[in-house]
Amino acid sequence: MGERCYYVYIPASKIGGTLYIGVTNDIIRRVAEHKLKLIEGFTKDYDVVRLVYFEQFGDPENAIKREKRLKKWKRDWKIALIEKDNPDWNDLYPEIAGPP
């Protein structure tokens, strides 16, 4: 059986827009749920569907610690983190999900 992966991910509403930070064990499914607006609440209300950043972890404890830490960061720090690897705020979902 393959190693289980956990992800901390940041979707945004648009470049420089509203951010959300979450954790999941299935990033493709979870981001698809956001994009299809299947999840009631914040991301649906603010159209936060563009995956702009994610990190992978081998265990849930470290993923959850990182998520909690990032949620406490100042907005400027979160934007700098995103723009370090994704300066154009491209949607990374097609890259990880593959062709439809």
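A residue counts as exposed when its relative accessible area is over 50% and as buried when that area is under 20%. In this predicted model, Lys-68 and Lys-72 of helix α3 are exposed, on the side of α3 other than that of its buried residues. The points below address this helix and the aromatic pairs.

**Helix α3**
- Helix α3 comprises 13 residues (residues 60–72), for which 1.5 Å a residue gives an expected span of 18 Å; the end C-alpha atoms lie 19 Å apart, in agreement with that value.
- Ala-63, Arg-66, Glu-67 and Leu-70 are the buried residues of α3.
- Because these residues cover an arc of only 105 degrees around the axis, they lie on the same side of α3.
- In an α-helix there are 3.6 residues a turn, so residues three or four places apart point the same way.
- The packing partners of the buried residues of α3 are β1, β2 (22–24), β3 and α4 (75–85).
- Asp-59 caps the N-terminal end of α3, with a side-chain oxygen 3.4 Å from the backbone nitrogen of Glu-61.

**Aromatic pairs**
- The whole structure contains five aromatic pairs.
- One of them, Tyr-7 with Phe-54, is edge-to-face, at 6.3 Å centre to centre and 65 degrees between the planes.
- This pair links distant parts of the chain, 47 residues apart: Tyr-7 belongs to strand β1 (residues 6–12) and Phe-54 to strand β3 (residues 50–57).
- Tyr-7 is buried at 14% relative accessibility, whereas Phe-54 is partly exposed at 27%.
- Phe-42 and Tyr-46 form a tilted pair, at 4.9 Å centre to centre and 35 degrees between the planes.
- Phe-42 is partly exposed at 37% relative accessibility, and Tyr-46 is partly exposed at 48%.
- Phe-42 and Tyr-46 belong to one aromatic cluster with Tyr-9 and Tyr-20.

Definitions and conventions. Residues are numbered from 1 along each chain as its sequence is written. This is a predicted model: local features need pLDDT of at least 70, side-chain atom pairs count only at pLDDT 80 or more; totals for chains, interfaces and linings use all residues. Side-chain values use heavy atoms; hydrogens and water are left out. Rings of Phe, Tyr and Trp (its six-membered ring) pair if their centres lie within 6.5 Å; planes under 30 degrees apart count as stacked, over 60 as edge-to-face and the rest as tilted. Helices (H or I, at least four residues) and strands (E, at least two) are DSSP runs, numbered from the N terminus. Buried means under 20% relative accessible area, exposed over 50%, partly exposed in between (1.4 Å probe, protein chains only). The expected span of a helix is 1.5 Å times one less than its number of residues. The arc is that of the directions from the helix axis to the C-beta atoms. Contact means heavy atoms within 4.5 Å. A polar contact is a pair of N or O atoms within 3.5 Å; within protein, one must be able to donate a hydrogen and the other to accept it, and residues adjacent in sequence count only if both atoms are side-chain atoms.
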